[in-house]
Amino acid sequence: MKKTTSKNKGRKSVEKRLIDSTEELVASISPNQLTIRDIADHAGVNHGQIHHYFGNKEGLLKATYRQMAFEHGEQLDRRDISANNLPDMALSDITNDYFSAIIRAVLDNKMDVVVQENDNLHVSRKMVNEITALKGLKKPSPEIKAAVALTMCIEFGLTAMKPYIEKVLDLNDAEMEIFIQTIVDVRTSEFKKLLEDVK
């Protein structure tokens with residue numbers, strides 16, 4: 001069994017602080033605007049350690065989005081959320097700031113940090129594969145991809161637009177609850193409808 005040295009523990013601790021800090025920051029600051037110094041200051045470490053452990057900001061962003069995708073998947077797994085069991089609530093209410101961080105990265109054209117080569121951490125990819133297997137198909141049909149894409153559009157749209165919709169339509173708390181439930185019901189019913197067409 002390999003012994004963990006205090007140097008390795010120190011490195012892991014710093015890496016974790018940097019990834020955790022970046023995770024907090026990318027939910028409210030776009031990746032293009034986020035600086036190495038911002039991250040280092042937030043983590044309470046020297047900014048040179050980002051270069052030392054991750055190579056550059058891109059390397060740290062990739063590690064952060066990988067961790068966020070993994071955590072998102074774990075949170076949904078713990079709640080037994082799958083293609084056959086969509087929740088009666090918005091997914092963004094389950095997974096903290098994950099959706100906001102993804103939206104910011106996509107708007108910044110940082111697809112390489114969000115979706116990485118051979119990255120099977122994304123729940124949407126898992127759902128496509130799960131439905132394909134359930135339907136006994138060798139590869140996913142366009143309808144399966146459309147059903148998952150529709151769900152993604154609704155979830156990301158709700159995350160991005162909820163504060164605006166609440167303000168512009170002057171929704172009180174009770175109305176907002178009905179609005180969200182209606183959106184979630186539409187998401188689930190359309191998802192099921194699309195999948196019924198898959199042979």
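In this predicted model, the side chain of Lys-162 makes a polar contact with the side chain of Asp-93, at 3.4 Å. Lys-162 belongs to helix H8, which spans residues 142-168. Its relative accessibility is 19%, and because buried means under 20%, Lys-162 counts as buried. Leaving aside residues up to four places away in sequence, Lys-162 touches Asp-93, Gly-157, Met-176 and Ile-180. Asp-93 thus appears both as a polar partner and in the list of residues touched by Lys-162.

Two of these neighbours lead to a nonpolar core. Met-176 and Ile-180, which Lys-162 touches, are included, together with Leu-158 and Phe-179, in a second, separate core of eight residues.

The largest nonpolar core has 45 residues, and within this core Leu-18, Tyr-65 and Phe-191 touch the most other members. Helix H4 gives the most to this core, contributing seven residues. Phe-191 may serve as an entry point for inspection: not counting residues up to four places away in sequence, Phe-191 touches Ala-83, Leu-86, Met-127, Ile-131, Ala-147, Val-148 and Thr-151.

A further aspartate can be followed from helix H4. Asp-97 lies in the loop between helix H4 (57-78) and helix H5 (98-107). At 41% relative accessibility, Asp-97 counts as partly exposed, whereas Lys-162 counts as buried. The partly exposed class applies because the value falls between the 20% limit for buried and the 50% limit for exposed residues. With residues up to four places away in sequence not counted, Asp-97 touches Ala-27 and Met-68. Asp-97 and Ala-174 are 77 residues apart in sequence, and their C-alpha atoms are 23 Å apart in space.

These local views can be placed in the chain as a whole. The chain has nine helices and zero strands, so that the order of elements from the N terminus on is α-α-α-α-α-α-α-α-α. Along the principal axes, the C-alpha atoms fill a box of roughly 55 × 50 × 30 Å. Of the 199 residues, 42% count as buried. Among the contacts with a separation of 6 or more, 67% are accounted for by residues 24 or more positions apart.

The surface and the charges complete the description. The accessible surface of the chain comes to about 11900 Å², and 52% of this area belongs to carbon and sulfur atoms. The chain carries 28 positive and 30 negative charges, and the mean positions of the two sets are 10 Å apart.

Technical notes
Residues numbered from 1 in each chain as written. Predicted model: local features only at pLDDT ≥ 70, side-chain atom pairs only at ≥ 80, totals over all residues. Heavy atoms only, no water. Helix = DSSP H or I, 4+ residues; strand = E, 2+ residues; numbered from the N terminus. Buried < 20%, exposed > 50% of the residue type's maximum accessible area, 1.4 Å probe, protein only. Contact = heavy atoms within 4.5 Å. Areas by Shrake-Rupley, 256 points an atom, 1.4 Å probe, with all protein chains shown as cover. Lys, Arg positive; Asp, Glu negative; His and termini not counted. Charge placed at Lys NZ, Arg CZ, Asp CG, Glu CD. Polar contact = N/O pair within 3.5 Å; in protein donor to acceptor, adjacent residues only side chain to side chain. Core = buried A, V, L, I, M, F, W, Y, C linked by side-chain atoms within 4.5 Å.
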